[in-house]
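Dear colleague,

I am handing over the structure below, and after it you will find a short account of what was found. Please read the two side by side.

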2 protein chains.
Amino acid sequence: MKVSNLAKALNTTADTVRYYTKIGLLHPQKSQLNGYMFYNAQQQQRLSFILTARHLGFSVKDITNIFHETDNNHTGCKLVRDIIKQRLVEVEQQFLDAQALMKLMKQAIGEWDHLPDKTPTSQSICHLMDSFSAIQSEINPAKSLTETLKSTKANLTETDNNGEMHENK
Amino acid sequence: MKVSNLAKALNTTADTVRYYTKIGLLHPQKSQLNGYMFYNAQQQQRLSFILTARHLGFSVKDITNIFHETDNNHTGCKLVRDIIKQRLVEVEQQFLDAQALMKLMKQAIGEWDHLPDKTPTSQSICHLMDSFSAIQSEINPAKSLTETLKSTKANLTETDNNGEMHENK
DNA sequence: ATAAACCTAAGTGTAACACCTAGGTCAACA
DNA sequence: TGTTGACCTAGGTGTTACACTTAGGTTTAT
């Protein structure tokens, strides 16, 4: 079938199908007459796999690797299992992050509902700044967790209590 | 303080600070002598707000809007409250999605652990394809939920049981 | 004096597509 | 048969929020 047909059948877009084709994940047959691309049942199954994998959080690169394995007569099972296990850790973190965020946001909304709407503080962003500052101390560690792997050592310069830095000049 | 100092103090990168400066979220003082940018306490607080907001899932555009309000003598409270409430819905969905994914992935890993590693099926991607196909029916609705807003009507062409499409030609 | 460490602006790269352009194709209707 | 409208192609640009690179000037420390 043609590109839009396939796209609609698997609930995606023609552009996406073309993209996967372009980067070599799908191998349609190209008509000699008009250049149209035709996808058979096997390609449909391939796309189905891609879409599901993408939804599970696999990157396109991951999928490329998997296909590279399986297209070369390997099963790819171990690879996929490894990637999934890795992804599972990330998803669990996302779960926790989302949970924490929900709590904080509900809390913030709750607090604000008790405050009048138009009482600007010295810093002009009313109490938002204050609320956000309070939240930030709870938020940042969470962020650190997620990005610990790639973060270089923090190496913070010490601050005084005015939040002003010592410009050792 | 200078860009790297500020970045380290708030646990971000100099590039990020330069980016926010470039798009007008931060307004440092530029030295006449050497062109170096200097950020005072107020700018530091601004950046702190930006980082926290970003971590709460606000887009840079959202933050731009908020600053646009607050910089024009409005409090921005209502705007922020609205955006947060809107974001809360998304975060709740992320929470549910992550939960569902965790379940499915654990399930998949569990199943595969009972199967041998190298038993290719007819489709060459061993049982991955089968497992994924089974998962997909559960996954796709979740995706639809997330993307319902922007998805045009599905308008699926009917498929026969071979997964082959009728090419009404 | 010179190296290490910092700074600048401007440009390119990233992920995974979405959207647009210009032009060819196909099915149906008048 | 002409023409509309829906489809297709390749190739290009736009998107988000930065990270990275380049080329060159500056500051700091030894």
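A polar side-chain atom of A:Tyr20 lies 2.6 Å from a phosphate oxygen of DNA strand C, and please keep in mind throughout that this is a predicted model. Two further residues of chain A place a polar side-chain atom 2.8 Å from a phosphate oxygen of DNA strand C, namely A:Thr16 and A:Arg54. The elements that contribute two or more residues to the surface near this strand are helix H2 (14-22) of chain A and helix H1 (3-9) of chain B, and H2(A) gives the most, with 4 residues.

Taking that surface as a whole, 18 residues lie around DNA strand C, and those that come nearest are A:Thr13, A:Thr16, A:Tyr20, A:Asn34 and B:Ser4. By class, the residues of this surface divide into 7 nonpolar, 6 polar and 5 charged. On the DNA side, 81% of the atoms of strand C within 4 Å of the protein belong to sugar or phosphate, while the rest belong to bases.

Within chain A, helix H3 (residues 41-55) packs with helix H4 (residues 60-70) at an angle of about 135 degrees, their axes being 10 Å apart. The two helices are therefore oblique to each other, and the crossing of H3(A) and H4(A) is right-handed. H3(A) makes the contact through A:Arg46, A:Phe49, A:Ile50, A:Ala53 and A:Arg54, and H4(A) through A:Val60, A:Ile63, A:Ile66 and A:Phe67; by class, this contact has 7 nonpolar residues, 2 charged and no polar ones.

With best wishes

Technical notes:
Residues are numbered from 1 along each chain as its sequence is written. Chains are lettered from A and ligands numbered from 1 in the order in which they are written. This is a predicted model: local features need pLDDT of at least 70, side-chain atom pairs count only at pLDDT 80 or more; totals for chains, interfaces and linings use all residues. Side-chain values use heavy atoms; hydrogens and water are left out. A residue is near a molecule or strand if one of its heavy atoms lies within 4 Å of it. A polar contact is a pair of N or O atoms within 3.5 Å; within protein, one must be able to donate a hydrogen and the other to accept it, and residues adjacent in sequence count only if both atoms are side-chain atoms. Ala, Val, Leu, Ile, Met, Phe, Trp, Tyr, Cys and Pro count as nonpolar, Asp, Glu, Lys and Arg as charged, and the others, Gly among them, as polar. Axes are lines fitted to C-alpha atoms, for helices over the stretch in contact, and angles run from 0 to 180 degrees between N-to-C directions. Angles under 35 degrees count as roughly parallel, over 145 as roughly antiparallel, 65 to 115 as roughly perpendicular and the rest as oblique. A crossing is left-handed if the near helix is turned anticlockwise from the far one by less than a right angle, and right-handed if clockwise. Contact means heavy atoms within 4.5 Å.
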